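Here are my notes on the model you sent round. Have it open while you read, since I go through it piece by piece.

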Amino acid sequence: MKYPSLIQLATIGLLAALNSFAASANMPAIIPLPEKIEARAGEYKLRSGTRILVDAASRETGEFLAQRLRRATGYKFPVSTTDKTQPVKRAILLTTEGFPSGKGAESYRLTVGPDAIVIGGPGQAGVFWGVQSLLQLLPPEIFADKPVKGVDWEVACVQVEDQPRFAWRGFMLDVGRHFFTKEEIKQFLDVMAIYKLNTFHWHLADTVGWRIEIKKYPRLTEVGAWRNGIGYSLDPKASTAYGPDGRYGGFYTQADIREVVAYAQARHITIVPEIEMPGHSRAALSAYPELSCSGGPYSPDCSGDPDLGVYCAGKDESFEFLQNVLTEIFDLFPGKYIHIGGDEVNKDHWKKCALCQARMKTEGLKNEEELQSYFVRRMGKFITSHGRTLIGWSEICQGGLAQNAVVMDWIGGGVEAIGSGHDVVMTQEEFCYLDHWHSADHDAEPRAFGKGGPKWDLPWSKVYAYEPVPANMDPQLQSHILGAQGNLWTEYIASMRHAEYMVFPRLCALAEVTWSPHATRNFDDFKRRLQPQLERFDSLGVNYHKDTPAGSE
Ligand code: TNX
């Protein structure tokens, strides 16, 4: 008997025996909501020794599931490659065989019947997301790190057919303002995977911290990764990110980066690295001040100089330096997109700099906006020549967009960019900035970003209401919207627990915005499904914002 028919048999057999529940309150609580989900009567029970059967392609996912299940249940889940003679009865089958690829690599089908569980998809990404849905069908304690006694490890029978709405379902973490260790990054990746978020945007360099080892320029991390004091009026004791000499900061070695990239890959998450240029670059310029217009000095400290730091656009050395940095970045990050920042460039230095003005003359550039565009285009050509795609914040649109560039729209520009054929990732400040307040009651919360007015208040209900596709957009152009992303900027964040408090559960709402069909968006149902997610966070030891957000009642 061939595999597909085995799967079909398992599926058909289960379906025939089961009835649908009518009431949605009895529906499983998966976030993000699957495209199609049908509850059935009966349940499947995990037992010690439950077999996980895999085809050759699904081995790694099978091992992932076995380990995850083992931690909380304490049971053993032997993983074996099916040899087609083994009955699926009582086992969990993960397979790519017999699933046509027509629906896309991230699609999957999950069937839970009283006798077997089958997860299938055309590729491993889909099978892996199917595993995440299965985990959410189990009691929340399944996410515990140690065996939990007295829990019935039962899964209510269900049939799920699922695929994402958008290809880019992102989360950005600013490790420049606050340094997160590689273990903390892995914790975020773990939670992202639970919500089928597949893009981790790693903001690796900013004004007050350069966080990635670059072999050719050791001073970037020797000097740029450490500052005197935590700054931002934060309590120094709120953080543990201090070096042996008491300075604040830290960085990832290239070995750390490779480890994290592999960890993300195993969870079907792509990492998009960001190296800020030409602005927000004071940390880099504190190490190599000769790349600025004035020659420095600069420091990565928070006090004093409010200038964000800008590379001199007149010096060829600036481009040479950044190209050498990106060459090492290409080697470490295999993904398609390379983020070059591009936001909030203070152009005052360029206005006063003879070399920048000379560059504008020779290149026929009318103003400093066009000089910024020249900068980004020049880097864009380099990135394209290495087979990658440049992505940058809204401001890369100023003075003309580089060819093939992707815009990350935080303050506009996206719609115009789409009009001229560019792709866009939507991350509008008002809906996607997880450093803003959870509610209007600022006194009840730790300091967050922004003051005065509802613009800065972002309850999860508002994230949930976010629609990445602008109203009235020509349907033909909508495919240029790759997806959306939530961003955590960390000026006012000094610890992992605080970061988690800012991110969750708002990121769960964004996961649903980016994965689930728009037509199924339902605030009350999301609220119902959120409750068990919070219990999952408790089991995971992940912190989250607990108060009922204003406006969600
Ligand atoms: C704007 S979004 C920034 C960040 C800040 C953030 C605070 C963007 C490209 N730039 O540098 O941290 O606002 O919300």
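The points below cover the barrel, the ligand site, the open sheet and a few backbone details.

1. Ground rules. This is a predicted model, in which local features need pLDDT of at least 70 and side-chain atom pairs count only at pLDDT 80 or more, while totals for chains, interfaces and linings use all residues. Residues are numbered from 1 along each chain as its sequence is written, and side-chain values use heavy atoms, with hydrogens and water left out.

2. The barrel. Eight is the number to look for: a closed barrel of 8 strands runs β8-β9-β14-β15-β16-β17-β18-β19, with parallel pairing. On average, neighbouring strands here are turned by 30° against each other, direction ignored. Helices (H or I, at least four residues) and strands (E, at least two) are DSSP runs, numbered from the N terminus; two strands pair if DSSP finds at least two bridges between them. Axes are lines fitted to C-alpha atoms, for helices over the stretch in contact, and angles run from 0 to 180 degrees between N-to-C directions.

3. The β8/β19 pair. Strand β8 (residues 168–174) and strand β19 (residues 481–488) are parallel and share 6 bridges. To find the register, start from L173, whose bridge partner in β19 is L488.

4. A helix on the barrel. Helix α11 (residues 368–385) lies across β14 (270–277), β15 (337–341) and β16 (389–393); contact means heavy atoms within 4.5 Å. The helix runs at about 150° to β16.

5. The ligand site. Which residues surround the ligand? They are R177, H280, D343, E344, W393, W410, Y433, D435, F449, W489 and E491, where a residue counts as near if one of its heavy atoms lies within 4 Å. By class, this shell has 5 nonpolar, 1 polar and 5 charged residues. The classes are Ala, Val, Leu, Ile, Met, Phe, Trp, Tyr, Cys and Pro as nonpolar, Asp, Glu, Lys and Arg as charged, and the others, Gly among them, as polar.

6. Ligand contacts. Polar side-chain atoms of R177 and E491 lie 2.9 Å and 2.6 Å, respectively, from an oxygen atom of the ligand. For D343, the partner is a nitrogen atom of the ligand, at 2.8 Å. A polar contact here is a pair of N or O atoms within 3.5 Å. Taken alone the ligand exposes 360 Å², and the protein buries 97% of that (Shrake-Rupley areas, 1.4 Å probe).

7. The open sheet. Separately listed are 7 strands in the order β1-β7-β5-β6-β4-β2-β3, with mixed pairing. At the edges sit β1 (36–45) and β3 (79–81), each pairing on one side only. Neighbouring strands of this sheet are turned by 20° against each other on average, direction ignored.

8. The β3 edge. Strand β2 (residues 52–54) runs parallel to β3, joined by 3 bridges, and L53 stands opposite S80. Helix α2 (residues 59–73) packs on the sheet, touching β2, β3 and β4 (92–95), and its direction makes about 160° with that of β3.

9. Backbone oddities. Please look at two cis peptide bonds: I31 to P32, with omega near 0°, and G296 to P297, with omega about 5°. P32 lies in the loop between α1 (3–17) and β1, P297 in the loop between α7 (282–287) and α8 (316–332). Also check E344, a residue other than glycine with a positive phi near 45°; E344 lies in the loop between β15 and α9 (348–352) and is one of the residues around the ligand.

Note on methods. Polar contact = N/O pair within 3.5 Å; in protein donor to acceptor, adjacent residues only side chain to side chain.
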